[in-house]
Amino acid sequence: MKTPTTQAPHTLRAGMIGLGMIFDETYRPLFERVHAEGLYDHRFGVVEVPLAAVASRTGSRAEKYRQAAGDRIARFQSFTGPQPIDELLKAGVDFVCVATPDDRHFEGARAALAAGVHVLIEKPSVLSLDQLDELLALSRQKQVLAKVVYHKLLDPDHKKLRTFVADGVLRHVNNGYCSLLEPRSISGSQFAEWITGRNPGTYVAVHYIKLIDYTFGGRLKTITATGQRGIVGPADGPTWDSCQLRLVYEYDDDTGEKRTSNIEHRTSNVEVFDVGSSMFDVRRSKSCREAAFDIHTSWVTPDNFPGYVEQEVQFRFDNGVWNGHSRKRGVECTVEGKTPTEIKTTMNNHYNGVFLEPWGARSQRGYGIETLERFVREVAFVEHGGPKAERPRRLENMCGLAYNDLAADRQTVAAVQALETILDRQYRGHPDCVVRVNDERGGLVLYDPAGGAPEVLHAPQV
Ligand SMILES: NC(=O)c1ccc[n+]([C@@H]2O[C@H](COP(=O)([O-])OP(=O)(O)OC[C@H]3O[C@@H](n4cnc5c(N)ncnc54)[C@H](O)[C@@H]3O)[C@@H](O)[C@H]2O)c1
């Protein structure tokens with residue numbers, strides 16, 4: 001239920017492309033909260049954020065949601081059919097969130113940016129560097145934000161890890177592993193419409209690619225990968241049950257001091273658009289140390305396994321070890337007939353939980369929602385955070401936030417493009433390919449151990 005405001009509000013009309021699982025988990029609670037409370041910051045005052053329009057394939061979830069939500073949400077238009085995104089944009093929105101399957105992010109984001117609308121894209125932002133370059137160019141031309149959701153960067157455990165690294169408490173990461181296991185029901189039913197030809201690496205390992213890339217900085221050097229098939233689809237088909245990705249990074253041969261400055265560079269407000277070339281040049285001239293990271297993912301784990309979604313990371317440094325485990329950090333709860341499917345046995349109450357607050361209200365909150373709200377605040381700051389003449393400066397500041405800006409997503413997208421290509425080559429009978437980043441042949445170059453000429457996947461520097 002909407003509560004009246006005492007101030008004259010600004011309005012930011014929201015558009016949503018894709019109303020699937022992640023909409024229901026994170027966007028829906030955000031839009032319901034801002035519908036009731038608005039957003040406030042002393043720089044931009046009160047901002048109303050109505051969900052104005054949605055676009056999806058069939059519209060059935062939109063209608064179900066409209067019925068179920070009642071007055072918890074603004075009256076929104078729902079578009080389906082052949083051109084739902086164009087119609088959504090014609091309805092007039094100030095920002096658009098793209099939560100379609102990962103191989104359909106690009107079209108929606110490009111259309112919205114071309115219409116001069118701020119954009120937030122679910123992870124992974126896009127599947128190739130060419131697409132990333134196009135979206136970035138459009139966002140700069142149209143002077144709007146283009147951002148991506150990596151909510152694991154807001155997980156308090158990962159923020160603590162990054163704080164220790166930035167402060168030189170943990171020094172020089174040498175290697176590590178990350179693992180994320182999803183239950184079979186996710187791939188078998190929920191994603192059945194789009195899963196053919198897809199893999200759990202792009203879908204979930206990308207969270208860890210970003211965590212490693214953002215937390216430790218460094219220069220991505222080599223990508224290898226393999227995977228298994230036969231459960232979601234045929235054993236010789238293009239759809240993957242599980243995959244294992246290895247990333248090798250290069251770091252300046254130094255200790256805490258230089259690493260700190262690297263991280264600060266990545267979070268500085270104005271220099272972020274230069275990350276690609278200037279960091280590359282600087283690092284070439286120094287001696288380097290390497291680090292290797294293995295990321296294992298699956299979306300065919302039996303539905304009754306205790307983790308339900310199980311996540312684990314370990315990073316080893318010159319002077320320490322960081323261990324994080326979703327089943328060890330918090331609650332383990334059993335409810336007869338309900339866990340682990342309806343209620344998770346090892347629930348992550350930090351990501352997204354439905355709570356009865358001590359003051360009696362019901363709420364849904366967590367870092368999965370916080371990251372979306374921050375984007376809306378960034379849009380509000382750009383549009384309403386001061387005089388119009390200073391909008392370019394505000395925009396530049398918000399573009400400089402490397403945790404979510406597309407300009408800082410280059411190495412993550414490079415890793416995703418390499419993973420996609422290596423798995424595709426394996427499907428076509430060429431296993432064990434290796435992709436190197438910024439070598440003498442180009443920005444992203446694929447080598448096949450069976451021979452043949454190296455293939456340049458992306459010519460410019462990553
Ligand atoms: N942040 C996270 O941790 C997290 C978690 C889950 C999913 N995701 C991401 O969110 C995205 C969607 O995942 P999901 O789990 O919600 O998928 P889903 O299959 O549950 O929902 C997909 C939605 O997109 C719509 N859609 C499909 N093609 C479309 C098109 N061409 N135009 C308009 N709408 C279209 C469908 O109608 C559906 O509403 C993916 O990119 C995924 O990686 C992120």
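This report describes two sheets and the ligand surroundings in a predicted model.

## The three-stranded sheet

Strands of a sheet pair through backbone hydrogen bonds, in either the parallel or the antiparallel sense. One open sheet in this model has 3 strands in the order 1-4-3, and its pairing is mixed. Strand 1 (10-11) and strand 3 (39-41) are the edge strands, each of them pairing on one side only.

Between strand 3 and strand 4 (residues 45-48) the pairing is antiparallel and runs over 3 bridges, with D41 standing opposite G45 of strand 4. Helix 11 (residues 367-384) packs on this sheet, where it touches strand 1, strand 3 and strand 4, and the direction of helix 11 makes about 60 degrees with that of strand 3.

## The six-stranded sheet

Another open sheet has 6 strands with parallel pairing, in the order 6-5-2-7-8-9. Its edges are strand 6 (77-79) and strand 9 (146-149), each of which pairs on one side only, and the twist from one strand to the next averages 20 degrees.

Strand 8 (residues 118-122) pairs with strand 9 in the parallel sense over 4 bridges, and E122 has V149 in strand 9 as its bridge partner.

## The ligand shell

The ligand is surrounded by 24 residues, of which the closest are G18, G20, M21, R57 and E122; E122 is thus listed here as well as in the bridge to V149. By class, the shell consists of 12 nonpolar, 6 polar and 6 charged residues.

Helix 1 (residues 21-37) supplies the largest share of the shell, 3 residues. At least three shell residues come from each of domain 1 (10-151 + 359-406) and domain 2 (153-351 + 411-458).

Terms used
Residues are numbered from 1 along each chain as its sequence is written. This is a predicted model: local features need pLDDT of at least 70, side-chain atom pairs count only at pLDDT 80 or more; totals for chains, interfaces and linings use all residues. Two strands pair if DSSP finds at least two bridges between them. Helices (H or I, at least four residues) and strands (E, at least two) are DSSP runs, numbered from the N terminus. Two residues are in contact if their C-beta atoms, placed from the backbone, lie within 7 Å. Axes are lines fitted to C-alpha atoms, for helices over the stretch in contact, and angles run from 0 to 180 degrees between N-to-C directions. A residue is near a molecule or strand if its C-beta atom, placed from the backbone, lies within 6 Å of it. Ala, Val, Leu, Ile, Met, Phe, Trp, Tyr, Cys and Pro count as nonpolar, Asp, Glu, Lys and Arg as charged, and the others, Gly among them, as polar. Domain bounds come from an automatic or database domain assignment.
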